[in-house]
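Me: Could you take a close look at one part of this protein for me? I'd like to hear about a single loop and what sits around it.

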Amino acid sequence: MSTRIDLPQVFHLGPARLTAGLDRFRRLDLASHTHVHPPLPRPTRDSLLDLAEHVDLRGRGGAGFPFARKARATMRRAVNQCPALALRMRRP
């Protein structure tokens, strides 16, 4: 016994934009892609912390503690150790 499922009509506004142009241009291999889009420079630890401080990145706990301040304090205490920071991404 088959059950009929009523599905809504699918509408679209022209061709898919995510893949637009793939039918007109040759695909790039990794070497060609790297030539066209060179790798971004690797930021230093201090430049990342400066950026975090500049944008006022804060923890999501109740106090909203400044991330850069916490990270710098952790690194000062862990001179000959490998500090680990617990990071978790979540939506606000």
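**The loop before the last helix**

Reply: Let's start with Pro66, which lies in the loop between H2 and helix H3, the latter covering residues 67-77. Bear in mind that this is a predicted model.

So what does Pro66 touch, once residues up to four places away in sequence are set aside? The partners are Leu57 and Arg58. Pro66 can also be placed relative to Ala52: the two are 14 residues apart in sequence, and their C-alpha atoms are 8.5 Å apart in space.

Leu57 is worth following a bit further. Besides touching Pro66, Leu57 belongs to a nonpolar patch on the surface, along with Leu48, Leu51 and Val55. Together these four residues have about 360 Å² of accessible area.

Take Leu51 from that patch: it sits in helix H2, which runs over residues 45-54. Is Leu51 buried, partly exposed or exposed? Its relative accessibility is 49%, and since the exposed class needs over 50%, Leu51 counts as partly exposed.

Now zoom out to the whole protein. Along the sequence the pattern reads α-α-α, with three helices and zero strands. Of the 92 residues, 8% are buried. The protein exposes about 9,800 Å², and carbon and sulfur atoms supply 58% of that. As for contacts with a separation of 6 or more, 20% are between residues 24 or more positions apart.

Methods
Residues numbered from 1 in each chain as written. Predicted model: local features only at pLDDT ≥ 70, side-chain atom pairs only at ≥ 80, totals over all residues. Heavy atoms only, no water. Helix = DSSP H or I, 4+ residues; strand = E, 2+ residues; numbered from the N terminus. Buried < 20%, exposed > 50% of the residue type's maximum accessible area, 1.4 Å probe, protein only. Contact = heavy atoms within 4.5 Å. Areas by Shrake-Rupley, 256 points an atom, 1.4 Å probe, with all protein chains shown as cover. Patch = residues over 30% accessible without salt bridge, like charges linked within 9 Å, V, L, I, M, F, W, Y side chains within 5 Å. Salt bridge = Lys/Arg side-chain N within 4 Å of Asp/Glu carboxyl O.
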